[in-house]
Amino acid sequence: MELFFCPDLVNREDAYALLAHAVRQVYSLDSLPAIGRSEHGKPFFPDLPQLQFNLSHSGSFALCALDDSPMGVDIEAIRPHHPRLARRICSPAELEWLNEQDDRHRVLLSLWTKKEARVKYTGTGLTVPIREIRVPFDEDAVLDGLHFRTLSSDGWVGAVCGHTLSTAFHTVSAAELKKLDTARNK
């Protein structure tokens, strides 16, 4: 699995430019294939179903993953959340564990992004209450045969869930994406 990250999105289209760059790099495709959506909204390439991807963006950040098997990614910009958010998304065991952590806000976002990555992996969407979605507490762990990895840096927390571990992490700025796109269109 290869992960691609953009730290400075200007608009939503930049997230798709990141995906286009990723498919050029990993799959050697000249352009971004047509994107379809499953019943619950999981994106896929209808003409190339063997090529798996997932994409997430929040604020000025985007994260995408490519692999030969299904995976899910989620990224969240760190911003204030409602104080009751933890009770809404966490199981009783998760709440108890969360209350023992030093950086509760970042840990809560770690749980949230792992839960989102898991439902994006399955493609089912939030068809069950989010507090019922099982994820590991640890940042890098295996649960139910799925690998989970938490990613974070200044201003964001992300997660990936899939059958394989991520093997590479590429950072590409929005300016680089624009420059690459401009060079390709000359």
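This is a short talk on the pocket, two helices, the aromatic pairs and a few single residues of a predicted model.

Okay, some ground rules before we look around. Residues are numbered from 1 along each chain as its sequence is written, and side-chain values use heavy atoms, with hydrogens and water left out. Because we have a predicted model, local features need pLDDT of at least 70 and side-chain atom pairs count only at pLDDT 80 or more, while totals for chains, interfaces and linings use all residues.

Let's start with the pocket. The largest pocket holds about 340 Å³ of space. By pocket I mean an open set of points on a 1 Å grid over the protein atoms alone, where a 1.4 Å probe fits, with protein on both sides within 12 Å along at least five of seven lines. Points are joined across faces, edges and corners, and the volume is the space filled by probe spheres set on them.

Who lines it? There are 18 lining residues, and nearest the centre are Arg-37, Pro-43, Leu-55, Ser-56 and Lys-120. To count as lining, a residue needs an atom within 4 Å of a point. Helix H1 (12-27), strand E4 (52-58) and helix H4 (104-122) each give at least two residues to that lining, and E4 has the largest share, with 4 residues. Helices (H or I, at least four residues) and strands (E, at least two) are DSSP runs, numbered from the N terminus. By class, the lining comes out as 5 nonpolar, 7 polar and 6 charged residues. For that tally, Ala, Val, Leu, Ile, Met, Phe, Trp, Tyr, Cys and Pro are nonpolar, Asp, Glu, Lys and Arg are charged, and the others, Gly among them, are polar.

Now the two helices, H4 to begin with. Its 19 residues should span 27 Å at 1.5 Å a residue, and its end C-alpha atoms are indeed 27 Å apart. The expected span is 1.5 Å times one less than the number of residues. Is H4 enclosed by the rest of the structure, or out in the open? It is largely enclosed, because 15 of its 19 residues are buried. Buried here means under 20% relative accessible area, exposed means over 50%, and partly exposed is in between (1.4 Å probe, protein chains only). After H4 comes Gly-123, with a positive phi near 80 degrees.

H1 has 16 residues and reaches 23 Å from its first C-alpha to its last, close to the expected 22 Å. Its buried residues include Leu-18, Leu-19, His-21 and Arg-24. At the start of H1, a side-chain oxygen of Asn-11 comes to within 3.1 Å of the backbone nitrogen of Glu-13. That fits a polar contact, a pair of N or O atoms within 3.5 Å, where one must be able to donate a hydrogen and the other to accept it, and where residues adjacent in sequence count only if both atoms are side-chain atoms.

Right after H1 sits Ser-28, with a positive phi near 60 degrees. Most residues other than glycine have a negative phi. Ser-28 is in the loop between H1 and strand E2 (36-37), and it counts as exposed because its relative accessible area is 60%. Asp-144 also has a positive phi, near 55 degrees. You'll find Asp-144 in the loop between strand E7 (140-143) and strand E8 (146-153), partly exposed at 47%.

On to the aromatics. The whole structure has 6 aromatic pairs. Rings of Phe, Tyr and Trp (its six-membered ring) pair if their centres lie within 6.5 Å; planes under 30 degrees apart are stacked, over 60 edge-to-face, and the rest tilted. Phe-45 and Phe-53 make a stacked pair, 4.3 Å centre to centre with 25 degrees between the planes. Both Phe-45 and Phe-53 are buried. A tilted pair is Phe-61 with Trp-156, at 6.5 Å and 40 degrees. That pair links distant parts of the chain, 95 residues apart: Phe-61 in strand E5 (residues 61-67) and Trp-156 in strand E9 (residues 156-162). Phe-61 is buried at 11% relative accessibility, and Trp-156 is buried at 4%. Together with Phe-5 and Phe-169, these two form one aromatic cluster.

Last stop, back in E4. Phe-53 is in that strand, and its C-alpha lies 7.3 Å from that of Pro-70, 17 residues apart along the chain. Asn-54 is in E4 too, buried with a relative accessible area of 1%. A polar atom of the Asn-54 side chain lies 2.9 Å from the backbone nitrogen of Val-73.
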